[in-house]
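Thanks for sharing this one. Here are a few notes from a read-through, set out point by point.

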Amino acid sequence: MVDLNAPIIPWKGMGNIELYSHLKDFYEYINKSRPKMLTVGMFDISYEIENQV
């Protein structure tokens, strides 16, 4: 799904990942990488994944 050689397209996306994609599309990758979850606000969570874009 993620293509590291795909171009960055301003206002559209990068690596074949489109901006504003839903998080559920990336659960597989997030779970494999064992991210550190950080609370940003009452309803927001940030995932910190080392050595990843």
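The points below cover the sheet, the salt bridge and a surface patch.

1. A word on the source before anything else: this is a predicted model. Please read the contacts and areas below with that in mind.

2. The sheet is an open one, built from 3 strands in the order 1-2-3 with antiparallel pairing. Strand 1 (8-9) and strand 3 (17-18) sit at the edges, each pairing on one side only.

3. Looking closer at one pairing, strand 1 and strand 2 (residues 13-14) run antiparallel and are joined by 2 bridges. Here isoleucine 9 stands opposite glycine 13 of strand 2.

4. How many salt bridges does the model have? The count comes to 1. The partners are glutamate 48 and lysine 36, whose closest N and O atoms are 4.0 Å apart. Since glutamate 48 belongs to strand 5 (residues 45-48) and lysine 36 to strand 4 (residues 36-39), the pair ties together parts that are 12 residues apart in sequence.

5. Are these two partners buried, exposed or partly exposed? Glutamate 48 has a relative accessible area of 38%, so this residue is partly exposed. Lysine 36, at 47% relative accessibility, also counts as partly exposed.

6. On the surface, Val2, Leu4 and Tyr29 make a nonpolar patch of about 310 Å². Of these residues, tyrosine 29 is found in helix 1 (residues 27-33). Tyrosine 29 has 33% relative accessibility and therefore counts as partly exposed.

Definitions and conventions: Residues are numbered from 1 along each chain as its sequence is written. This is a predicted model: local features need pLDDT of at least 70, side-chain atom pairs count only at pLDDT 80 or more; totals for chains, interfaces and linings use all residues. Side-chain values use heavy atoms; hydrogens and water are left out. Two strands pair if DSSP finds at least two bridges between them. Helices (H or I, at least four residues) and strands (E, at least two) are DSSP runs, numbered from the N terminus. A salt bridge is a side-chain nitrogen of Lys or Arg within 4 Å of a carboxyl oxygen of Asp or Glu. Buried means under 20% relative accessible area, exposed over 50%, partly exposed in between (1.4 Å probe, protein chains only). Patches are made of residues with over 30% relative accessible area and no salt bridge: like charges are joined within 9 Å, nonpolar side chains (Val, Leu, Ile, Met, Phe, Trp, Tyr) within 5 Å. Accessible areas come from the Shrake-Rupley method with a 1.4 Å probe; for residues, only the protein chains shown count as cover.
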